[in-house]
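Open the model in a viewer and keep the selection tool at hand. The stops below go from one selection to the next.

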Amino acid sequence: MAADTTHATGAAEEYLDSPTMHVSGGDWDDLVDEATALHEERIVVNMGPQHPSTHGVLRLILELDGETVTETRAGIGYLHTGIEKNMEYRTWVQGVTFCTRMDYLTPMFQEAAYCLAIEKLLGITDQIPQRASDIRVLMMELTRISSHLVCIGTGGMEMGATTVMTVGFRERERVFRIIEEVTGLRMNNAYIRPGGVAQDVSQRAIDLTREMVPEIRRGIRELELLVNENPIVKGRMVDVGILDLTGCMALGITGPVLRSAGLPHDLRKAAPYCGYETYDFEVITRESMDAYGRLRVRLDEMYQSLRIVEQAVDRLEASLGEPIMVADKKIAWPAQLSVGSDGMGNSLDHIKQIMGTSMEALIHHFKIVTEGFRVPPGQVYVAVESAKGELGCHLVSDGGTRPYRAHFRDPSFNNLQATSIMCEGSQVADVIVAVASIDPVMGGVDR
Amino acid sequence: MTDLTQATPPEMPGEPIVIGERRGMFGATAGQDTSGYGGLVVPIEFPGASARPYGGWFDAFIDTLAAGLEAEGTAYGDAVQMVVVDRGEITVHVAREHLSVVARVLRDEPALRFEICTGVSGVHYPGLSGQELHAIYHFLSITNGSKRIRVEVGCPDADPHIPSIVETYPANTWHERETWDMFGIIFDGHPALTRILMPDDWPGHPQRKDYPLGGIPVEYKGATVPPADERRAFN
């Protein structure tokens, strides 16, 4: 190679004459001897925040002794978007579009918790129409199925089973077809609103749901046949990521992780909201306390959710045409949505009425859309059973048109604290399975 | 036996707690002037201390808590500043120096058994002199039928220290870190009180009311939309 090339790595022989430096003297030799004497392969590895198996931008700091994990710490905050702060600068209704983006796999749960909290602050919990509550239940259970499908699907893919992922996502698409038909959007719906829901569930959506439910059930069955007794799945998941009931209680773990330790705690049964007490379903538990138990809990919960979906659809068909928004015009969003040639938008009848016939209706529309409604001062905490555990919403109002403080107790945020206790002492490969069994979604963890 | 009603005499519920006042042209609820041109000044009143009976299971809960505190050698009147029952929820305002013992009684007293603390959330009231920062804990008792209570602890901005309850409720480790990160409340005794959501070298605590939201103007079809905190508000 010519000497005048500008390559960074030149030929080695060019430097043969240059002096060689050695580090010696002082206590350096002692240090080296000490390190060699330990005969340890102790290394600290940063897994993530860009590792494909860590469910988004989760950073796991692993201390490894060979292939064994001796210490684990989870580093979060890489997806912090300041949603809670932003909500303080938006009206109560606008807040729905923010909190729906927290845990992006369970948008309906954040919306429901937030709206139930506003309704409790307003004191209108009893005035929410039955049909609106039934729609909320329907949407929450569909969301639970889609969230569990992603958990199982991505969890399978992280173990190397692509088919588990493709089946999971295929079935999730069916759920999304229903959600899209009802809300117009697949994710980040902003569908549940203070006082009710944004728009009605049509007969078409009901028919589509009836058509989809057996297919989803068949898909879940296929997933079950694929994984339940699969020797590789069992080899990877049985007795991995163990967390017993005592550990769950100490760490405040809720959701499928808690139920996999045998405690049938489910807020839908324990402290019902949206009329869950009138639905017929069972709380699924397992005794195995491991990742495999959580997988089975999630699979069985999807069947229970389908049962609730069927009951909700029956009720919705019977109550077609009933109100879906609270009667109080000072709170209810004035406009109805409708599907036009260019997608979803304000209903033309409503535009015609406020622009052409009633000036008072126009003023009212303008006031409630720009200014919003006022919520009496005070604070509430409302919790719903999200797909991942207890999702709590702590709202403080100072009597204004905006939340004074909105705080979400995200189940993933809390449950991620169990990473250390689940992973320490296991193999590196088990860390992936253990974290996946918690089902954290960083959008919700970091908010 | 401590006088249980010392903090809240039964015949006299507490005054509402004024956390500030609202000024502006919107939101008139009292008086004749609804035009707003007079310039409204409305006090912001949070629910004040409730009087006995609190209703439901709240009375029994407070009695058990008082007995439990007594057994631990803490006078109920010292630990609990006031009890607020509002919208079907009970809030116990606890003096910060007694928070640890209250947490322990809440968890260990068989009749209380609030085995899960669902975390701590902060609220910043710049107008409440001497009690600017509030840490608000929510507790859940699965054993006793999914009962929930709220414990509220205030501390001054100049001395933002509240004892950590991580020893009693390990689940609070991350929640207390988040509240430190967002509000600057120092939880004494926390095993590793570091920032959790913001970067380690971040200046300030973003959820405080004196911390600006930030943002840049956005141009859209020739017009400029200011950032959210500079837009016209009706609050």
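Two strands count as paired if DSSP finds at least two bridges between them. The model is predicted.

**Stop 1: a sheet in chain A.** Select strands 8, 9 and 10 of chain A. They form an open sheet of 3 strands in the order 8-9-10, with antiparallel pairing. Strand 8 and strand 10 of chain A are at the edges with a single partner strand each, so one side of each has no neighbour in the sheet. From one strand to the next the twist averages 15°. Between strand 8 and strand 9 of chain A there are 9 bridges, in the antiparallel sense. To find the register, label A:Glu385, which stands opposite A:Glu390 in strand 9 of chain A.

Now add helix 4 of chain A. This helix lies across strand 8, strand 9 and strand 10 of chain A and runs at about 150° to strand 8.

**Stop 2: where the chains meet.** Show chain B as well. The contact involves 42 residues of chain A and 38 residues of chain B. Among the elements of chain A that each supply at least two residues to this side are helix 4 (107–122), strand 8 (378–386), strand 9 (389–397) and strand 10 (405–409). Which element gives the largest share of the side of chain A that touches chain B? Strand 9 of chain A does, with 4 residues. Coloured by type, the residues on the chain A side are 13 nonpolar, 17 polar and 12 charged.

**Stop 3: helix 5 of chain A.** Select residues 130–158 of chain A. This is helix 5, with 29 residues; from its first C-alpha to its last it reaches 42 Å, close to the 42 Å expected at 1.5 Å a residue. Is helix 5 of chain A largely enclosed or left open? Of its 29 residues 27 are buried, so the rest of the structure largely encloses helix 5 of chain A. After the helix comes A:Gly160, with a positive phi near 100°.

**Stop 4: a helix pair.** Select residues 348–357 and 359–370 of chain A, which are helix 13 and helix 14; they pack at an angle of about 115°, and their axes are 6 Å apart. The crossing of helix 13 and helix 14 of chain A is left-handed. Show side chains for A:Gln353, A:Ile354 and A:Met355 of helix 13, and for A:Ala361, A:Leu362 and A:His365 of helix 14, which make the contact. These residues divide into 4 nonpolar, 2 polar and no charged.

**Stop 5: a strand pair in chain B.** Select residues 116–124 of chain B. This is strand 5, and 9 of its 9 residues are buried. Strand 5 of chain B pairs with strand 6 (residues 133–141) in the antiparallel sense over 7 bridges. B:Gly122 is opposite B:Ala135 in strand 6 of chain B.

**Stop 6: backbone exceptions.** Most residues other than glycine have a negative phi, and most peptide bonds are trans. Three places depart from this.

- A:Asp439 has a positive phi near 60°. A:Asp439 is in the loop between helix 17 and helix 18 of chain A, and it counts as buried because it has 27 C-beta neighbours inside 10 Å.
- B:Ser146 has a positive phi of about 55°. B:Ser146 is in the loop between strand 6 and strand 7 of chain B; with 16 C-beta neighbours inside 10 Å, B:Ser146 counts as partly exposed.
- B:Arg52 is joined to B:Pro53 by a cis peptide bond, with omega near -5°. B:Pro53 is in the loop between strand 2 and helix 1 of chain B.

How values were computed
Residues are numbered from 1 along each chain as its sequence is written. Chains are lettered from A and ligands numbered from 1 in the order in which they are written. This is a predicted model: local features need pLDDT of at least 70, side-chain atom pairs count only at pLDDT 80 or more; totals for chains, interfaces and linings use all residues. Two residues are in contact if their C-beta atoms, placed from the backbone, lie within 7 Å. Ala, Val, Leu, Ile, Met, Phe, Trp, Tyr, Cys and Pro count as nonpolar, Asp, Glu, Lys and Arg as charged, and the others, Gly among them, as polar. The expected span of a helix is 1.5 Å times one less than its number of residues. A residue is buried if 20 or more other C-beta atoms lie within 10 Å of its own, exposed if 12 or fewer, and partly exposed in between; C-beta atoms are placed from the backbone. Axes are lines fitted to C-alpha atoms, for helices over the stretch in contact, and angles run from 0 to 180 degrees between N-to-C directions. A crossing is left-handed if the near helix is turned anticlockwise from the far one by less than a right angle, and right-handed if clockwise.
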